[in-house]
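Please look over the model below before reading on. My comments are set out as numbered points.

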Amino acid sequence: MTAVHVEAPAKDEVERQLRAWMTASLDGDAAAHRHLLGALSGYLRAYFARRLGAGDAEVEDLVQETLLAVHLKRSSYDRALPFTPWVYAVARYKLVDYFRRSRRRAHIPLEDAGTLLGEDDPEEGAVRTDLERLLGQLPERQRALVEEVKIQGFSVEEAARRRGVTAVSARVMLHRSLQWLNRAVRDEDR
Amino acid sequence: MKTGDLIELLTNDVQPMARGLAWRRLAVGVAGGGALTLLAVILWLRCQPLFLAASQPWFWMKASYTAALTAAALMMVRRLGTPGAQLRAAPVWAAGVFLIMVGLGVGQLVGAAPASRLALWLGQTWRVCSPLILLLSVPIYAGLVVAVRATLAPIHPARTGAAIGLTAGALAATLYGLHCPEQGAAFVVTWYSLGIAAATAGGALAGRWLLRW
């Protein structure tokens, strides 16, 4: 086991921080969104590793799948409720779904949502289902846009200008590509 | 793809989400589907003019039952679509509303002359009532499924599908009440509820497939 498990700070404090980032991200703050997903990936990695076995190549797949779901389903979060139970339920849903797809029977206990914040593992593992490969199946226009944003590091506005489309339609294209990617990962046979 | 790259990609897709977005989408789904159903009641079932139907007290008896069910069921849809949220009181309200209606229906039959009880219970239209309500619920169900898929994240697709079916069935029954000539509580609590229950069961079955994410 190469992963470095770091003792996480007090859960209340983490909840407060995550919720503040989530609220800001819902208000359109991209930096808060990046912080949120970055922090979540560590907690998710440790959580999935406990369930699947650390070093399992599918742990990182599940982390990515869950981040995609957190992103695409963030409108379902109710700002009046605590954030940890929401993200825990999303992670558990993705884990249950993973076992169902891989035709393995597993009992995944319904724990206190706070267990998700129990451990943090910032060390990124190798992936099995490569999102890169799935993205390669997108139609050419969408694929090119996603690559400019992701690999070349352009903002959506810059990428839109380079491809000669409006920023609005580039945003729509990017969003559709992510929704498509989410479905492609879910329907991938493992 | 590295997880860090994925996060960068997602960060580029951040758009502000208005408060109450999920509720607004649900309202649009209910309104859109409900408009189609109302159109079907007016044009296909050729109901009496709306003002005439709405001027009769028995329409409001039926409508308060089914509208209260609609509201409680819609609360359930919102809660079931929020990961980690508790269902809380909405199912209790729905059950309470149903039990009150059962009480009214039983009271009506007990108070009636024994010979007229069967006629009161079956009315003139018991054969068509439940199937029509089930059929009329389909547009509302579809509108709500679109809204839930767009903005909510149901952890239990079958349960959420059932709640959507309950909402759709109860609202369809409310609109069907404009056409339906029956006036008795015993009739309504049986045949209306049966149609609503069928919509709930169908909604649960379809939800298993339609609501996964």
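The points below take the confidence values, each chain, the interface, the core and two residues in turn.

1. Confidence. This is a predicted model. The predictor assigns the complex an ipTM of 0.88 and a pTM of 0.90. For chain B the mean pLDDT is 94. In that chain, 100% of the residues reach 70 or more.

2. Make-up of chain A. The chain holds 8 helices and 2 strands. Their order along the sequence is β-α-α-α-α-β-α-α-α-α. One strand therefore opens the pattern, and another sits between two runs of four helices. Buried residues account for 37% of the 190 residues in chain A.

3. Overall form of chain A. Does the radius of gyration agree with what, for 190 residues? The yardstick is a compact globule, which would come out near 16 Å. Chain A has 17 Å, so the value agrees with the rule. The C-alpha trace spans about 50 × 35 × 30 Å along its principal axes. Of the contacts in chain A between residues at least 6 apart in sequence, 68% join residues at least 24 apart.4. Domains of chain A. The assignment gives domain 1 (6-120) and domain 2 (131-187). Their C-alpha centres lie 24 Å apart. The contact between the two takes 5 residues from domain 1 of chain A and 6 residues from domain 2 of chain A. On the domain 1 side, the residues that touch domain 2 divide into 3 nonpolar, 1 polar and 1 charged.

5. Make-up of chain B. Chain B has 9 helices and 0 strands. Read from the N terminus, the pattern is α-α-α-α-α-α-α-α-α. The C-alpha trace spans about 75 × 35 × 30 Å along its principal axes. Buried residues make up 48% of the 213 residues in this chain. Among contacts in chain B with a separation of 6 or more, 86% come from residues 24 or more positions apart.

6. The interface. How many residues does each chain give to the contact? Chain A gives 40 residues and chain B gives 30 residues. On the chain A side, the elements that supply two or more residues are helix H1 (11-26), helix H2 (30-52), helix H3 (57-72), helix H4 (83-101), helix H5 (131-135), helix H6 (140-150) and helix H8 (167-187). By class, this side of chain A has 18 nonpolar, 11 polar and 11 charged residues.

7. The nonpolar core. The largest nonpolar core has 107 residues. Those with the most contacts inside it are Ala73(B), Val77(B), Ile133(B), Leu144(B) and Ala172(B). Helix H7 (residues 126-151) of chain B supplies the largest share of this core, 12 residues. The core also draws at least three residues from each of domain 1 (6-120) and domain 2 (131-187) of chain A.

8. Ala172(B) within that core. Leaving aside residues up to four places away in sequence, Ala172(B) touches Thr37(B), Ile133(B), Leu136(B), Ser137(B), Ile140(B) and Ala199(B). One of these partners, Ile133(B), is also listed among the core residues with the most contacts.

9. Ala186(B). This residue is found in helix H9 (residues 185-210) of chain B. Is Ala186(B) buried or exposed? Ala186(B) is buried, because 23 other C-beta atoms lie within 10 Å and the cut-off for burial is 20 or more. Apart from residues up to four places away in sequence, Ala186(B) touches Gly105(B), Gln108(B), Leu109(B), Leu120(B) and Trp121(B). Ala186(B) and Trp58(B) are 128 residues apart in sequence, and their C-alpha atoms are 12 Å apart in space.

10. Val188(B). Helix H9 of chain B also holds Val188(B). Val188(B) is buried, since 25 other C-beta atoms lie within 10 Å. The contacts of Val188(B), not counting residues up to four places away in sequence, are with Lys62(B), Tyr65(B), Met101(B) and Glu182(B). The C-alpha atoms of Val188(B) and Cys129(B) are separated by 9.3 Å, with the two positions 59 residues apart along the chain.

Note on methods: Residues are numbered from 1 along each chain as its sequence is written. Chains are lettered from A and ligands numbered from 1 in the order in which they are written. This is a predicted model: local features need pLDDT of at least 70, side-chain atom pairs count only at pLDDT 80 or more; totals for chains, interfaces and linings use all residues. Two residues are in contact if their C-beta atoms, placed from the backbone, lie within 7 Å. Ala, Val, Leu, Ile, Met, Phe, Trp, Tyr, Cys and Pro count as nonpolar, Asp, Glu, Lys and Arg as charged, and the others, Gly among them, as polar. A residue is buried if 20 or more other C-beta atoms lie within 10 Å of its own, exposed if 12 or fewer, and partly exposed in between; C-beta atoms are placed from the backbone. A nonpolar core is a set of buried Ala, Val, Leu, Ile, Met, Phe, Trp, Tyr and Cys residues joined through C-beta atoms within 7 Å. Domain bounds come from an automatic or database domain assignment. The radius of gyration is taken over C-alpha atoms; the globule rule is 2.2 Å times the number of residues to the power 0.38. pLDDT is the predictor's confidence in each residue, from 0 to 100.
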